[in-house]
Amino acid sequence: LRPGSEFATQVSQRDEQGRLKQPDVIVYLPENRAVIIDAKMSLNSYVEASRTDDEKEREQHLSNHINSIQQHVNGLSKKQYQQLPELTTLDFVLLFIPVEGAFQAAVSRKPELLTQSLRRRVMLASPSTLLAILRTIHHIWRLDEQNRNSQIIALEAGKLYDKFVGFTEALSEVGNRLDQARQSWQLAEKRLSTGKGNLIDRAEALRQLGVQPSKDLSKER
């Protein structure tokens, strides 16, 4: 995916009330659609849970981590990026959690977190799931490009076929003209030397009657 073409970062948009919105990433889709990705998720509580050896303290940090995700989902839902008038987005926003372990720690302890987030039009995405989504988008773009190329190929093939038909018509016309020229030559030849009362016989008859030409017609031919 190319920056500025299939995706853009930190694009400033205004909602219907004129308030400035700045999504982290906008991934564009064919037919003027888009996916918005938010990547501002804080992982402080998860980092603290990873550092401690105390099980009770770890669980408390992980609980805070889940609460942090929920709060971010609620805040992201209120921004309503998917309703920005300048974008035709999908019905949800992707919330990117940049550490696979942080994503797994949250959803394994609270599986309903995924469905709760979706109800608020927010989809949680780990590095692996985001990569899968982006690969799918890339595939969609490739199919769109192939479709556009197919249309161009079909158009050019139609033009080439029309040119070929025109060429065959012109070649057929050339053949007709050659036939006409041959028929005209044969008619002229007949009048000149082979037909009844042809010009050569008449000229020879004149010579025999005493006309004195400077050249011999039989030698010229």
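## Ser126 and the loop before H5

In this predicted model, Ser126 sits in the loop that joins strand S7 to helix H5 (127-194). The relative accessible area of Ser126 is 0%, so the residue is buried. Apart from neighbours within four places in sequence, the contacts of Ser126 are Phe96, Ile97, Glu100 and Phe103. Of these partners, Phe103 is itself one of the buried residues of helix H3.

## Arg121 and Phe92

Arg121 is placed in the loop between H4 and S7. With a relative accessible area of 45%, Arg121 is partly exposed, because the partly exposed class covers values between 20% and 50%. The phi angle of Arg121 is near 65 degrees, which is positive although the residue is not glycine. Most residues other than glycine have a negative phi.

Arg121 is also one of the residues touched by Phe92, together with Val122 and Met123, when residues up to four places away in sequence are not counted. Phe92 belongs to strand S6 (residues 88-96). Its relative accessible area is 24%, so Phe92 is partly exposed. Between the C-alpha atoms of Phe92 and Gln80 the separation is 8.8 Å, with the two residues 12 apart along the chain.

## Helix H1: two sides

Which residues of H1 (residues 44-51) are buried? They are Ser45, Tyr46 and Ala49. These residues span an arc of only 100 degrees around the axis, and therefore lie on the same side of H1. Asn44, Ser50 and Arg51, on the other side of the helix, are exposed.

The buried residues of H1 pack against two helices, H2 (55-79) and H3 (100-109).

## The contact of H1 with H2

Two packed helices are described by the angle between their axes and the distance between the axes. For H1 and H2 the angle is about 165 degrees and the axes are 8 Å apart. An angle over 145 degrees counts as roughly antiparallel, and H1 and H2 are therefore roughly antiparallel to each other. The crossing of H1 past H2 is left-handed.

On the H1 side, the contact is made by Ser45, Tyr46, Glu48 and Ala49, and on the H2 side by Arg58, His61, Leu62, Asn64 and His65. Sorted by class, the contact holds 3 nonpolar, 4 polar and 2 charged residues. Ser45, Tyr46 and Ala49 are the buried residues of H1 named above.

## The contact of H2 with H3

H2 and H3 pack at an angle of about 95 degrees, and their axes lie 10 Å apart. H2 is therefore roughly perpendicular to H3, since angles of 65 to 115 degrees fall in that class. From H2, the residues Glu59, Leu62, His65, Ile66 and Ile69 meet Ala102, Ala105, Ala106 and Arg109 from H3. By class there are 6 nonpolar, 1 polar and 2 charged residues in this contact.

Leu62 and His65 of H2 take part in the contact with H1 and also in the contact with H3.

## His65

Where does His65 lie? The residue is part of helix H2. Its relative accessibility is 1%, so His65 counts as buried. When residues up to four places away in sequence are left out, His65 touches Leu43, Ser45, Tyr46, Ala102 and Ala106. Ser45 and Tyr46 are buried residues of H1, while Ala102 and Ala106 are buried residues of H3.

## Helix H3 and what covers it

The buried residues of H3 are Ala102, Phe103, Ala105, Ala106 and Val107. Their cover includes H1, H2, helix H4 (112-119) and strand S7 (122-125). Ala102, Ala105 and Ala106 are among the H3 residues that meet H2, and Phe103 is in contact with Ser126.

## The chain as a whole

The chain has 7 helices and 7 strands. Read from the N terminus, the order of elements is β-β-β-β-β-α-α-β-α-α-β-α-α-α. The chain has 221 residues, and 29% of them count as buried.

Among contacts in the chain with a separation of 6 or more, 57% are between residues 24 or more positions apart.

Technical notes. Residues numbered from 1 in each chain as written. Predicted model: local features only at pLDDT ≥ 70, side-chain atom pairs only at ≥ 80, totals over all residues. Heavy atoms only, no water. Buried < 20%, exposed > 50% of the residue type's maximum accessible area, 1.4 Å probe, protein only. Helix = DSSP H or I, 4+ residues; strand = E, 2+ residues; numbered from the N terminus. Arc of directions from axis to C-beta. Contact = heavy atoms within 4.5 Å. Axes fitted to C-alpha atoms, helices over the stretch in contact; angles between N-to-C directions. Parallel < 35°, antiparallel > 145°, perpendicular 65-115°, else oblique. Left-handed = near helix turned anticlockwise from the far one by under 90°. Nonpolar A, V, L, I, M, F, W, Y, C, P; charged D, E, K, R; others polar.
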